[in-house]
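This briefing takes up two topics in turn: how protein chains meet one another, and how they meet DNA. Please keep the sequence and the structure in view while reading.

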Number of protein chains: 2
Amino acid sequence: MSDVPHRSGSKVRAKPTEDFIYTELYNAICERQLLPDTKLGEVLLAEHYGVSRTIIRQALMRLSGDRLVKLEPNRGAFVARLTLEEARQIYAAWRLVEAEIIREVSTTITPEQVARLRALIAAERQACEAEDYPLLTRLSTQFHIQLADLCSNPFLSRFIKELIPQTSLAYFYEVRKMPLCTKDEHGEILDFIAVGDAEAAVAAAKAHLDGIEAALDARAALEPKASLADKLKSRMPSMS
Amino acid sequence: MSDVPHRSGSKVRAKPTEDFIYTELYNAICERQLLPDTKLGEVLLAEHYGVSRTIIRQALMRLSGDRLVKLEPNRGAFVARLTLEEARQIYAAWRLVEAEIIREVSTTITPEQVARLRALIAAERQACEAEDYPLLTRLSTQFHIQLADLCSNPFLSRFIKELIPQTSLAYFYEVRKMPLCTKDEHGEILDFIAVGDAEAAVAAAKAHLDGIEAALDARAALEPKASLADKLKSRMPSMS
DNA sequence: CACACAATTATTGTATACGATTTCTGCATG
DNA sequence: CATGCAGAAATCGTATACAATAATTGTGTG
């Protein structure tokens, strides 16, 4: 991960910067608009964004460092694919570090920070009722990311922030939207943190992640290989 | 057909690949032959290795992803510098994940793997007696890296492997060689792991890392800013 | 002498050109 | 009809050229 993905309102027709393109692809993969094994052709992207292949190449290399794309020599860049086992390993690592973060944050969090997270949860519920699942996905991960950012150890929070996007690469996860909606697990976790009950918060977080992971194998191996980058690009949140 | 690059004195030499240059710089930084804030000029490196700036740029971008070099826009690449606080945070994260790895490995390790690690420890002691400190540094980190590789969760081991090189960026660490030599802490940790006493091994590992970290502030802020890339390159383990 | 500022130099950022490798296509052949 | 093998087309890898930006030097003025 290089830096926080944040979609900026694009209006300027000036030449897009490498960072912009990186962020755009990053978000597209996280939101599953670009599915695993999708080929990311350099000329295609270069022409789409109106820049040279050099820029595209840089963005793809950064994404490769994030393990979101796989660079095959002399063959090109593809959206990375995760096995079910790898997905489980990610959740295991996530649980471990998340627990440590929660323990620390429980002792340092301020009312303002709690309020900020509550606002995020409120937005989640709203997105859920509106059935805006891409937004919900984004906000759900955002909760964990913002929580991690409250940790005083940036190396731990960075680890989380590198791990979370990769979970989007596991080819499933639609399943988990409903539970999130009804149960408001993020709210429970935050409640415990807010009152300083670290271990209860940790337990709630572990149960939360367990639940997400348990939903994984349900409809694994779903989804076909790929769709053409062109078709997706017409839907991409970019210019033109 | 011998694809062995013949090392005759002539100038016919296979062009170094990007990966080679990356590895070379990576090791040079880890072994502290390239110190923090050293500027890594593109043309200088390109001419030295006999490749174009394109290749150098790729290597530098990868190193930037590893947080070993800092890329300043329009100014160039510099060996990254760590504050004392950041170094402590790295060790904190390291302790956390190392403990988890040890817990798992203690239940899965095989006699062959134990033997392999013991051989490494023997080499460490040998390097210590020979006072070959660069080699000792390399072997010491290698112990932790090989241990991490025994973990079934590659995401955890990768985290460790990304963390360790960064500790080289903290401007100190000569201090810790003596303790390592006399006390053989790696050996102790391995002994506990070999007999399956996970918690004792974890405790030993934590004490080990605590010791290293404690030695940090001793002579912090030592070492001046930089030395010229040229001067270092004459010492670099590469082609002349 | 110190300081500010313009011109020069050096270095990075981007685009383009060319070579190498892979993939696709079509035709011949069993 | 399937298969195998050219040859063509597309795509990636690297080098080079040029533009943009920062660093440096030199010069004039308070």
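What follows is a short lead and then bullet points grouped by topic.

The structure is a predicted model. Chain B and chain A bury about 1,900 Å² between them, and residues of the protein also surround DNA strand C and DNA strand D. Helix 3 of chain A and helix 3 of chain B each supply at least two residues of the surface near DNA strand D, and these two helices also give two or more residues each to the surface near DNA strand C.

**Interface of chain B and chain A**

- On the side of chain B, 22 residues are in contact with 24 residues of chain A.
- Of the area of about 1,900 Å² buried between chain B and chain A, carbon and sulfur atoms give 65%; within chain B, the residues that lose the most area to chain A are B:Arg67, B:Leu96 and B:Phe155, which together make up 33% of what that side buries.
- Between chain B and chain A the count of salt bridges is 0, whereas 4 residue pairs are found in polar contact across this interface, with both residues of each pair at pLDDT 80 or more.
- The elements of chain B that give two or more residues to the side touching chain A are helix 3 (53-65), helix 4 (84-108) and helix 7 (154-167).
- By class, the residues on that side of chain B comprise 11 nonpolar, 5 polar and 6 charged.

**Surroundings of DNA strand C**

- DNA strand C is surrounded by 16 residues, and the closest are A:Lys15, A:Ser52, A:Thr54, A:Arg75 and B:Arg57.
- Sugar or phosphate holds 67% of the atoms of DNA strand C that lie within 4 Å of the protein, while the rest belong to bases.
- Two side chains of chain A approach phosphate oxygens of DNA strand C: a polar side-chain atom of A:Lys15 lies 2.8 Å from one phosphate oxygen, and an N or O atom in the side chain of A:Arg75 is 2.4 Å from a phosphate oxygen.
- From chain B, an N or O atom in the side chain of B:Arg53 is 2.9 Å from a base nitrogen of DNA strand C.
- The element that gives the most to the surface near DNA strand C is helix 3 of chain A, with 3 residues, and the whole surface divides into 2 nonpolar, 6 polar and 8 charged residues.

**Surroundings of DNA strand D**

- DNA strand D has 15 residues around it, the closest being A:Arg57, B:Lys15, B:Ser52, B:Thr54 and B:Arg75, and sugar and phosphate account for 71% of the atoms of this strand that come within 4 Å of the protein.
- Base nitrogens of DNA strand D are approached from both chains, since a polar side-chain atom of A:Arg53 lies 2.9 Å from a base nitrogen and an N or O atom in the side chain of B:Thr54 is 2.9 Å from a base nitrogen.
- A backbone approach is given by A:Asn74, of which a polar backbone atom is 3.4 Å from a phosphate oxygen of DNA strand D.
- The surface near DNA strand D consists of 2 nonpolar, 6 polar and 7 charged residues.

**Aromatic pairs**

- Over all chains the count comes to 5 aromatic pairs, one of which is the stacked pair of A:Tyr91 and A:Trp94, at 5.7 Å centre to centre and with 15 degrees between the planes.
- Both A:Tyr91 and A:Trp94 lie in helix 4 (residues 84-108) of chain A, where they are 3 residues apart, about one turn of the helix.

Note on methods. Residues numbered from 1 in each chain as written. Chains lettered and ligands numbered in written order. Predicted model: local features only at pLDDT ≥ 70, side-chain atom pairs only at ≥ 80, totals over all residues. Heavy atoms only, no water. Contact = heavy atoms within 4.5 Å. Buried area = accessible area lost by both parts, 1.4 Å probe. Salt bridge = Lys/Arg side-chain N within 4 Å of Asp/Glu carboxyl O. Polar contact = N/O pair within 3.5 Å; in protein donor to acceptor, adjacent residues only side chain to side chain. Helix = DSSP H or I, 4+ residues; strand = E, 2+ residues; numbered from the N terminus. Nonpolar A, V, L, I, M, F, W, Y, C, P; charged D, E, K, R; others polar. Near = heavy atom within 4 Å. Phe/Tyr/Trp six-rings, centres within 6.5 Å; stacked < 30°, edge-to-face > 60°.
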